[in-house]
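Me: Could you walk me through this one, starting with where the ligand sits?
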Amino acid sequence: MKSPHLILAKELWEKHVQKDDLVIDATCGNGHDTLFLAKLPLRQLIAIDLQKEAIEATRAALEKELSPKEQRRVLLKHQSHQSFEKIEAQLIVYNLGYLPKGNKAITTKVETTLQSVHAATQILAPNGALSITCYPGHEEGAKEKTAILQWATNLPSDQWSVCHHEWVNRPSSPSLFWIVYQP
Ligand SMILES: C[S@@+](CC[C@H](N)C(=O)[O-])C[C@H]1O[C@@H](n2cnc3c(N)ncnc32)[C@H](O)[C@@H]1O
């Protein structure tokens, strides 16, 4: 089966995003997810990555595939996702890990990822969602999945609805957290 966690994530994003929404791709990498999100009818998309190489790859993908009008809705930010400006977002997407075909040493890490998802909870609009894809098949990814699972399990259930999708007979397969703020 071809990346079923991504198929599921994209279905969730597609159903969730509305035309006035602000969406953040917190790990834009090579721009595949950014491009998918940019084609949804949203107001603004902010795409963030720590690596200049990733920002340039995303820029190139957007320029190739999107009209100038669609491109103007996307803001690329070369920075760490540990903190966000004070804005209200309806969807924040994480695809954790390292840049495919890039330097595997530059990967998302437990400490900064936890800081970031916490910061994300502070700017989510009511009914806004966090989509977090974890890759436990590599060492840091396994630590991240464990840490995210522990963090998400402890979000107050009267405000947060937390769903974790994983392949139970394939422990190192990617898994997806879908976390909705329902105050
Ligand atoms: C698995 S890749 C993302 C793939 C991407 N969503 C796509 O569609 O191509 C993970 C990305 O997270 C980025 N990253 C790692 N640490 C980060 C941080 N602290 N802040 C922002 N981006 C980070 C890496 O540079 C890498 O490009």
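Me: Which pocket does the ligand take up?
Reply: This is a predicted model, where local features need pLDDT of at least 70, side-chain atom pairs count only at pLDDT 80 or more, and totals for chains, interfaces and linings use all residues. Residues are numbered from 1 along each chain as its sequence is written, and side-chain values use heavy atoms, with hydrogens and water left out. A pocket here is an open set of points on a 1 Å grid over the protein atoms alone, where a 1.4 Å probe fits, with protein on both sides within 12 Å along at least five of seven lines; a molecule sits in it if more than half of its atoms lie within 2 Å of its grid points. The space that the ligand takes is the largest pocket.

Me: How many residues surround the ligand?
Reply: A residue counts if one of its heavy atoms lies within 4 Å of the ligand. The closest are T27, N30, D33, D49 and Q51. Altogether the shell holds 21 residues.

Me: An oxygen atom of the ligand is 2.6 Å from an N or O atom in which side chain?
Reply: Polar contacts are pairs of N or O atoms within 3.5 Å. H32 offers a polar backbone atom 3.2 Å from a ligand oxygen, and H81 has one 2.9 Å from a ligand nitrogen. The side chain at 2.6 Å belongs to D49.

Me: How much of the ligand's accessible area does the protein cover?
Reply: Areas come from the Shrake-Rupley method with a 1.4 Å probe. On its own, the ligand has 610 Å² of accessible area, and the protein's share of cover is 96%.

Note on methods. A polar contact is a pair of N or O atoms within 3.5 Å; within protein, one must be able to donate a hydrogen and the other to accept it, and residues adjacent in sequence count only if both atoms are side-chain atoms. On a 1 Å grid over the protein atoms alone, a cavity is a set of points where a 1.4 Å probe fits but cannot get out, and a pocket is an open set with protein on both sides within 12 Å along at least five of seven lines; lining residues have an atom within 4 Å of a point.
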